[in-house]
Amino acid sequence: AGVIYMKNNPKYKEIVQKVKNADARGLYEKIILEKDKLAFTSKAKIKDYKVDYESIRNMGEKIFARLIINNNEKANIEILMSDDAQQVEEVGHSEEVDKILESNEE
């Protein structure tokens with residue numbers, strides 16, 4: 001029931017909006033490009049990503065969210081965003097992301 005409450009919570013809608021805005025400004029892409037310089041190109045290992053909206057939550061003064069890589073739920077990057085949505089930092093990523101980056105498939 002906690003999740004339903006969250007979804008109807010105006011504060012939750014506000015943080016989702018911040019996550020969307022950061023997405024629009026390409027802040028997550030910078031993190032991904034640090035991992036894969038060719039990200040989003042035809043030669044990329046990381047072709048695309050999407051925000052896992054189910055993962056968004058407040059953590060103190062920051063906002064936590066997860067990025068799903070290449071549409072693979074197991075490949076994700078966890079990020080923390082400042083409350084003003086100006087700064088985004090990676091706090092961790094799954095092993096699956098390393099596997100994608102290490103693979104030599106074209």
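Student: In this predicted model, how does Lys62 count by its relative accessibility?

Tutor: A residue is buried under 20% relative accessible area and exposed over 50%. Lys62 has a relative accessibility of 31%. That value lies between the two limits, so Lys62 counts as partly exposed.

Student: Which residue meets the side chain of Lys62 in a salt bridge?

Tutor: The closest approach of this pair, N to O, is 2.8 Å. The pair links distant parts of the chain, with Lys62 in strand β2 and its partner in strand β4, 27 residues apart. The partner is itself partly exposed, at 36% relative accessibility. The residue is Glu89.

Student: With which residue does Arg66 form a salt bridge?

Tutor: The closest N and O atoms of the pair are 3.3 Å apart. Arg66 lies in strand β2 and the partner in strand β3, twelve residues apart, which again joins distant parts of the chain. Arg66 is partly exposed at 23%, and the partner is partly exposed at 25%. That partner is Glu78.

Student: Which residues are joined into one network by salt bridges that share partners?

Tutor: One of the contacts is between the side chains of Glu14 and Lys11, at 3.6 Å from N to O. These two residues lie in helix α2, three residues apart, about one turn of the helix. The network as a whole consists of Lys11, Glu14, Lys18 and Asp83.

Student: Which strands are the edge strands of the sheet?

Tutor: Strands of a sheet pair through backbone hydrogen bonds, either parallel or antiparallel. Here four strands form an open sheet in the order β1-β2-β3-β4, with antiparallel pairing. An edge strand pairs on one side only, and the two that do so are β1 and β4.

Student: How many bridges join β1 to β2?

Tutor: The two strands run antiparallel. Across them, Arg57 stands opposite Phe64 in β2. The number of bridges joining β1 to β2 is seven.

Student: Why do the buried residues of helix α3 lie on the same side, and what arc do they cover?

Tutor: The buried residues of α3 (residues 27–35) are Leu27, Tyr28, Ile31 and Ile32. They share one side of α3 because the arc they cover around the axis is narrow enough to place them there. What covers them includes α2, β1, β2, β3 and β4. The arc is only 145 degrees.

Student: At about what angle does helix α4 run to β3?

Tutor: Helix α4 (residues 95–102) lies across β2, β3 and β4. Helix α3 lies across β1, β2, β3 and β4, and runs at about 50 degrees to β4. The angle of α4 to β3 is about 110 degrees.

Conventions: Residues are numbered from 1 along each chain as its sequence is written. This is a predicted model: local features need pLDDT of at least 70, side-chain atom pairs count only at pLDDT 80 or more; totals for chains, interfaces and linings use all residues. Side-chain values use heavy atoms; hydrogens and water are left out. Buried means under 20% relative accessible area, exposed over 50%, partly exposed in between (1.4 Å probe, protein chains only). The arc is that of the directions from the helix axis to the C-beta atoms. Contact means heavy atoms within 4.5 Å. Two strands pair if DSSP finds at least two bridges between them. Axes are lines fitted to C-alpha atoms, for helices over the stretch in contact, and angles run from 0 to 180 degrees between N-to-C directions. A salt bridge is a side-chain nitrogen of Lys or Arg within 4 Å of a carboxyl oxygen of Asp or Glu.
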